[in-house]
Amino acid sequence: MAVMAAAATVLVPALGRGAHPEVPGPVAEHRAYEPGTTHATPAGAGCTPGTAAESLRPSPDDGPAVERIKKKGQLVVGVDQNTYRWGYRDRDTGALEGFDIDLARAIAKDILGPDAKVVFQAVPTNQRIPAVQQRTVDMVVRTMTINCERKEKVAFSTAYFQAGQQVLAPKASPITAFDDSLRGKRVCTADGSTGQAELRRRSHGARVLTAPNQLDCLVRLQLGEADAVVTDSALAAAQAAQDPTVELKGKPFTDESYGVAMNRDDPDLVRRVNKVLDDYRSGGDDSPWMRAYRMWLKADLPGISGPPAPEYGD
């Protein structure tokens, strides 16, 4: 049962491969990257790791992007359909549920009213940015980390969750953390993810595998085709909740903020989403954010007292 009042929803076919856990997408193997090797696109002017989470100040006003959504009468949101607790199909009802799904519905309700129609477009990790750039979707709400490289390509809301990269491996594995215990091991991460970027910077001697989605990496781990997974700590906790034979190793080794991704040419939509997030955070322990946290995440990620504070750059 979702936290937010249910709006009309439609799920359209997934973009790319790897949409279903039963049929993992292709896995590519790459030569391990050595520290100091640069493969990333340079960050946008003025953006630094310390300011990456800054966004535009909230506004309830309707601009061109919001009016476009209202005119077509539906909000198209890129989401995950395979990540437990965040965006996944209920096995009994087939309905999409999770923390990100509740937030997407809250945004749709604010823009389109209580009977809002939401079209959920399942997108693999490596298709999130193209989907926004090509306007296949109006926005992506899919555990997407805000960083300077991505802000060259898409715009982000303020942060709605704080996480970090962490290692997931079998409980009996000798792997201890994101350290030299990975040397010679096959480490899987999603193509286009921040985990892949970190492994490019410092592989610790691992053989790096990539797959379209993090769940594909979990499947490879279960099949014995990978020795560990590097992914967001929040996603790793959800995967460990699904599979009692695996566990999180060490501690998160990055500090990352999740944001809603939108087209860079839609600043009015960014401001509107930030207004929704302000409302979503408001109310203390009874805020929509805290209610969603208790329903979806608290069992696997206990001890979180509230959402991250918004940061603005204008």
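Here are three short exercises with worked solutions on the structure above.

The model is predicted, so local features need pLDDT of at least 70 and side-chain atom pairs count only at pLDDT 80 or more, while totals for chains, interfaces and linings use all residues. Residues are numbered from 1 along each chain as its sequence is written, and side-chain values use heavy atoms, leaving out hydrogens and water.

**Exercise 1. Find the disulfides and say which parts of the chain each one links.**

Step 1: Apply the cut-off, which is a pair of cysteine sulfur atoms within 2.5 Å. The count comes to two disulfides.

Step 2: Take C47 and C148, whose sulfurs lie 2.0 Å apart. This pair links distant parts of the chain, 101 residues apart: C47 is in the loop between β2 (28-30) and α1 (64-72), and C148 is in helix α4 (residues 148-151). Helices here are DSSP runs of H or I with at least four residues, strands are runs of E with at least two, and both are numbered from the N terminus.

Step 3: Turn to C188 and C217, with an S to S distance of 2.1 Å. Here C188 in strand β12 (residues 186-190) is linked to C217 in helix α6 (residues 214-222), 29 residues apart.

Step 4: Check the handedness. The C47 and C148 link is left-handed, with -85° about the S-S bond; the C188 and C217 link is left-handed, with -70°.

Step 5: Counting bonded cysteines along the chain, write the pattern as 1-2, 3-4.

**Exercise 2. Describe how strand β3 is covered and paired.**

Step 1: Look at burial (buried is under 20% relative accessible area, exposed over 50%, partly exposed in between, with a 1.4 Å probe and protein chains only). Five of the five residues in β3 (residues 75-79) are buried.

Step 2: Sort the side chains by direction. L75, V77 and V79 point one way, V76 and G78 the other. In a regular strand the side chains alternate between the two faces of the sheet.

Step 3: Find the neighbours; strands pair if DSSP finds at least two bridges between them. Five bridges join β3 to β7 (residues 117-122), in parallel, and G78 stands opposite Q121. Two bridges join β3 to β8 (residues 139-140), also in parallel, where V77 has M139 as its bridge partner.

**Exercise 3. Is D266 buried or exposed, and what does D266 touch?**

Step 1: Place D266 in the loop between β17 (261-262) and α8 (267-281).

Step 2: D266 counts as buried because its relative accessibility is 3%.

Step 3: List its contacts (heavy atoms within 4.5 Å). Not counting residues up to four places away in sequence, D266 touches A65, R68 and R135.
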